[in-house]
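Dear colleague,

I am passing on the structure below, and I would be glad if you could look through it alongside the notes that follow.

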Amino acid sequence: AWLPVSTTHNTLSWTATPNNSVAPRSATLTIGDKTFTLTQSGATGSVALSPTSAAAPAAGASGSITVTPTPSDFTTWTVSGNPAWLTVSTTNNTISWTANPTNSVVPRSATLTIGDKTFTLTQAGAAGTVTLSPTAATAPAAGASGSITVTPTPTDFTTWTVTGAPT
């Protein structure tokens, strides 16, 4: 019984034991020809996450998060905060995520709010590379000039450098 009662002379004492459910509960006592109703609120739901963070390579990755709700009947937790590059789905107490490949050298991150906790996913930026056009040239003994078109991939790769030019 979650509501034990006792009487002493003209006093009825009651003690509501802790409610280990998110559902409120109530009891109506009949005392003589009158009723007394006690309503007890439900417990506040909380979750534990495992893991609480993850890292994905630039090429993309998938993973999962186990959600452990407390109390166990706390089933109304939600997931929010996922950006367009992160697909999230929920089945029972497991959240599956897929990070799409990135087309930027800049790392990115997302913080998901899951119930009352957060999960952080960081994704590495893509490795930068360049394409040269032309890839070789010849110059006559009298000297010459020319140019090379540098096409970076991804397009935000702007930190390429030139080395090996004789001084």
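Which residues line the largest pocket? In this predicted model, the lining is made up of Leu 132, Pro 134, Thr 135, Ala 136, Ala 137, Thr 138 and Ala 139, together with Ala 144, Ser 145, Gly 146, Ser 147 and Ile 148. The volume of this pocket comes to about 210 Å³, and its lining residues divide into seven nonpolar and five polar, with no charged residue among them.

Turning to the interior, the largest nonpolar core holds 17 residues, of which Leu 86, Ile 114, Phe 119 and Leu 121 touch the most other members. At least two residues of this core come from each of strand 5 (46-50), strand 7 (61-70), strand 10 (94-99), strand 11 (108-114) and strand 12 (117-123). If neighbours within four places in sequence are set aside, Leu 121 is in contact with a series of residues that includes Ala 54, Ala 55 and Ala 56, as well as Trp 85, Leu 86, Trp 97 and Arg 108.

Strands 11 and 12 also belong to an open sheet of four strands, arranged in the order 6-12-11-8 with mixed pairing. Strand 6 (53-56) and strand 8 (79-80) stand at its edges and have a single partner strand each, so one side of each of them is left without a neighbour in the sheet. Strand 6 runs parallel to strand 12 and is joined to it by four bridges; within this pair of strands, Ala 56 has Gln 123 of strand 12 as its bridge partner.

With best regards

Terms used:
Residues are numbered from 1 along each chain as its sequence is written. This is a predicted model: local features need pLDDT of at least 70, side-chain atom pairs count only at pLDDT 80 or more; totals for chains, interfaces and linings use all residues. Side-chain values use heavy atoms; hydrogens and water are left out. A nonpolar core is a set of buried Ala, Val, Leu, Ile, Met, Phe, Trp, Tyr and Cys residues joined through side-chain atoms within 4.5 Å. Buried means under 20% relative accessible area, exposed over 50%, partly exposed in between (1.4 Å probe, protein chains only). Contact means heavy atoms within 4.5 Å. Two strands pair if DSSP finds at least two bridges between them. On a 1 Å grid over the protein atoms alone, a cavity is a set of points where a 1.4 Å probe fits but cannot get out, and a pocket is an open set with protein on both sides within 12 Å along at least five of seven lines; lining residues have an atom within 4 Å of a point. Grid points are joined across faces, edges and corners, and a volume is the space filled by probe spheres set on the points. Ala, Val, Leu, Ile, Met, Phe, Trp, Tyr, Cys and Pro count as nonpolar, Asp, Glu, Lys and Arg as charged, and the others, Gly among them, as polar.
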